[in-house]
Amino acid sequence: MFGFILRRLGLLIPTFIGVSLVAFFFIRLLPGDPVLLMAGERGISPARYAELMSRFGFDLPLWRQFLSYFNSLLHGDFGTSISTKKPIFTEFFTLFPATLELSFCAVIFAVVLGVPAGVIAAVKRNSWFDHTAMATALVGYSMPIFWWALLLIIVFSGMLGWTPVSGRISLTFFFPKVTGFMLIDSLLSGKAGAFRSAASHLILPTIVLGTIPLAVIARQTRSAMLEVLGEDYIRTAKAKGLSPFRVVAVHALRNALIPVITTIGLQIGVLMAGAILTETIFSWPGIGKWMVDSIFRRDYPAVQGGLVLIALIVMAVNLVVDMLYGLVNPKIRHQR
Amino acid sequence: MTAVSASVRPGRLKEFWRYFSENHGAVAGLVLFVALVIVAVAAPVFAPFDPDQQFRDALLMPPLTRGSEGLFLIGTDALGRDILSRLIFGARFSLFIGVVVVSVSLIGGVIIGMFAGFFRGWIDTVIMRVMDIILAFPSLLLALTLVAILGPGLTNAMIAIAIVAQPHYVRLTRAAVLTERNRDYVTAARVSGAGPLWLMFVTILPNCMAPLIVQAALSFSGAILDAAALGFLGMGAQPPTPEWGTMLAEAREFITRAWWVVTFPGLAILITVLAINLMGDGLRDALDPKLKRS
């Protein structure tokens with residue numbers, strides 16, 4: 001197992017170098033001169049221009065520029081945002097809890113509904129439940145989530161007035177930020193109604209972000225379950241006289257969940273892409289919205305730093321999923 | 001000999017259709033898709049109005065309103081344009097995006113994946129690491145960033161989406177080639193003097209097509225969704241192009257006043273993507289024996 005982890009970590013090194021190369025060239029490939037871009041519309045004197053060129057190292061050969069960029073990345077320096085003048089690392093991790101909270105709720109939503117739906121659909125194969133659930137899953141899987149979000153807003157915020165349209169909590173609540181997770185912080189604040197407000201702000205974004213993972217998980221659980229239910233050991237368990245519930249919940253589900261766990265892990269990339277759209281529509285102050293705003297503000301250092309940090313998070317999650325998979329499935333562990 | 005193995009056996013198409021038509025959803029998807037293609041190709045015939053024509057006396061008219069020029073079946077938008085006509089012309093863009101993105105990423109991905117799987121060694125290592133790098137970024141984020149570099153617009157959006165879709169084809173082709181390259185028929189072709197290019201694209205490739213066709217269907221719908229998402233974020237096709245995602249972006253501010261401007265473009269995207277995914281499921285069942293009957 002230790003060797004397996006080491007091998008996986010070893011594979012990450014070239015990927016990380018590649019990711020930083022992509023981010024490095026991102027700024028260089030943009031049309032226009034980076035210093036003039038930073039100076040903005042005011043323009044800049046030739047002397048100041050030369051000074052900035054050498055301060056940022058733009059007068060050095062490209063490979064030395066990359067080495068110094070890579071070196072600063074290794075030291076945790078991801079650059080400074082043009083619009084806020086704050087280090088990108090701090091800015092990113094101030095906003096990250098918002099995205100994490102939303103993604104976490106979306107995954108819970110998808111698993112809590114998707115796994116039972118998939119199991120029931122497999123056990124009652126070809127029943128009306130199976131057909132309805134799988135048809136719904138296919139619609140969910142094909143859903144343009146930005147439109148889904150607008151529809152939910154029209155119905156639940158506009159017509160029924162049940163849920164707020166944007167933000168994380170009503171503006172009437174002020175309390176210190178402890179964990180960055182609004183659900184926890186609002187409980188800690190002890191203010192009446194704060195938790196309720198935070199939760200109601202979460203409902204629609206959670207449904208929107210969780211829709212595609214929900215559909216994928218339901219489909220995957222069903223097909224994994226169908227495969228396992230045909231195995232000999234399930235027949236043995238039934239023959240022993242175990243209750244049907246025990247056969248399904250204990251014997252079959254445990255093995256069927258292995259591919260499902262991988263699917264859940266693979267959904268992290270989907271979630272990050274979905275977060276870009278969901279956060280933009282619901283004005284959710286997370287990193288997805290921050291990235292889109294940075295692109296529109298032409299805050300390219302922020303985009304560059306954000307790209308590297310998001311790629312690092314995706315890589316870390318994939319590594320954890322791989323290790324979990326290796327833990328439950330020895331065949332993977334010993335593969336080269 | 002290789003030419004014989006590459007050609008389609010008679011009856012194979014029939015067998016494929018037997019499996020495909022067993023799946024009623026897939027047939028429904030196919031019918032819908034063909035209908036969409038017909039509507040897109042003959043858009044001027046089906047559209048009641050010019051998609052860019054503004055009826056200044058009929059702004060934001062609800063569905064089934066009769067204007068002075070005729071019936072607005074699903075209403076008009078904020079500039080008084082007939083939404084149905086815009087959706088019909090928009091079908092052209094979505095299908096065009098799907099075709100271009102799938103062709104570019106499929107052809108590029110097959111060639112790259114074929115080289116990686118056939119030659120192995122350092123070529124394989126370099127190619128697969130580059131694909132890992134692309135896959136480390138969430139697809140929509142990478143596409144957005146690429147469009148930021150290239151400049152917003154439909155062409156650049158398609159290039160960006162094709163680049164993002166590429167690694168899946170590379171991985172699939174490589175995996176298929178790895179299982180095929182040591183088979184006896186490949187060795188036989190090699191012994192009889194076939195060169196590497198012939199071996200790769202004439203001998204091996206036809207036997208790797210099944211997973212690639214399934215992936216092509218999946219990425220066709222993915223491309224339409226991504227292009228619409230980019231259009232929605234203002235980074236894809238630019239107004240007044242009647243691209244469905246761009247139409248949704250324009251409609252956003254009228255969300256509380258005019259539900260139809262928001263509802264129908266999204267419905268068009270959903271139906272198109274659903275039709276293609278239904279077909280994709282049918283293709284997978286009919287072509288991939290491993291997944292058959294699951």
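Start in the middle, with the nonpolar core. In this predicted model, the largest nonpolar core has 165 residues. The residues with the most contacts inside this core are A:Phe146, A:Ala149, B:Leu141, B:Ala143, B:Leu144 and B:Ile161, so look for names from both chains as you turn the structure. Helix α5 of chain B, residues 83-119, gives the largest share of this core, with 17 residues. Chain A takes part too: its domain 1 (2-74) and its domain 2 (93-335) both give residues to the core, so the core lies between them. As background, nonpolar side chains tend to be buried together in soluble globular proteins.

Now zoom in on one residue of that core, B:Leu141. Which residues does B:Leu141 touch, leaving out those up to four places away in sequence? They are A:Met272, A:Ala273, A:Ile276, A:Met291 and A:Ile310. Apart from the largest core lies another one, of six residues, including A:Ile169, A:Met182, A:Phe195 and A:Ala198.

Next, step back to the contact between the chains. It takes 34 residues from chain B and 38 residues from chain A. On the side of chain B that touches chain A, the helices α6 (121-136), α7 (139-150), α11 (209-232) and α13 (259-287) each supply at least two residues. Which of the elements of chain B gives the largest share of that side? That is α13(B), with nine residues. Sorted by character, the residues of this side of chain B are 24 nonpolar, seven polar and three charged.

One of these helices, α6(B), lets you check a piece of helix geometry. With 16 residues at 1.5 Å a residue, α6(B) should span 22 Å, and its end C-alpha atoms are 23 Å apart, which agrees. The buried residues of α6(B) are B:Ile127, B:Met128, B:Met131, B:Ile133, B:Leu135 and B:Ala136. When you look at such a list, it helps to know that an α-helix has 3.6 residues a turn, so residues three or four places apart point the same way.

With those details in mind, take in chain B as a whole. It has 13 helices and two strands. The C-alpha trace of chain B spans about 75 × 45 × 30 Å along its principal axes. Chain B has 294 residues, of which 47% count as buried. If you take the contacts in chain B between residues at least 6 apart in sequence, 70% of them join residues at least 24 apart.

Chain A can be read in the same manner. What does its secondary structure come to? There are 14 helices and zero strands in chain A. Its C-alpha trace spans about 85 × 55 × 35 Å along the principal axes. Of the 336 residues of chain A, 38% count as buried. Among the contacts in chain A between residues at least 6 apart in sequence, 72% join residues at least 24 apart.

Finally, look at how chain A is divided. Its two parts are domain 1 (2-74) and domain 2 (93-335), and their C-alpha centres lie 34 Å apart. The contact between them takes 13 residues from domain 1 of chain A and 11 residues from domain 2 of chain A. On the domain 1 side, helix α1 of chain A, residues 2-29, gives the most, with 10 residues. The residues of that side of domain 1 divide into 10 nonpolar, two polar and one charged.

Definitions and conventions:
Residues are numbered from 1 along each chain as its sequence is written. Chains are lettered from A and ligands numbered from 1 in the order in which they are written. This is a predicted model: local features need pLDDT of at least 70, side-chain atom pairs count only at pLDDT 80 or more; totals for chains, interfaces and linings use all residues. Helices (H or I, at least four residues) and strands (E, at least two) are DSSP runs, numbered from the N terminus. A residue is buried if 20 or more other C-beta atoms lie within 10 Å of its own, exposed if 12 or fewer, and partly exposed in between; C-beta atoms are placed from the backbone. Two residues are in contact if their C-beta atoms, placed from the backbone, lie within 7 Å. Ala, Val, Leu, Ile, Met, Phe, Trp, Tyr, Cys and Pro count as nonpolar, Asp, Glu, Lys and Arg as charged, and the others, Gly among them, as polar. A nonpolar core is a set of buried Ala, Val, Leu, Ile, Met, Phe, Trp, Tyr and Cys residues joined through C-beta atoms within 7 Å. Domain bounds come from an automatic or database domain assignment. The expected span of a helix is 1.5 Å times one less than its number of residues.
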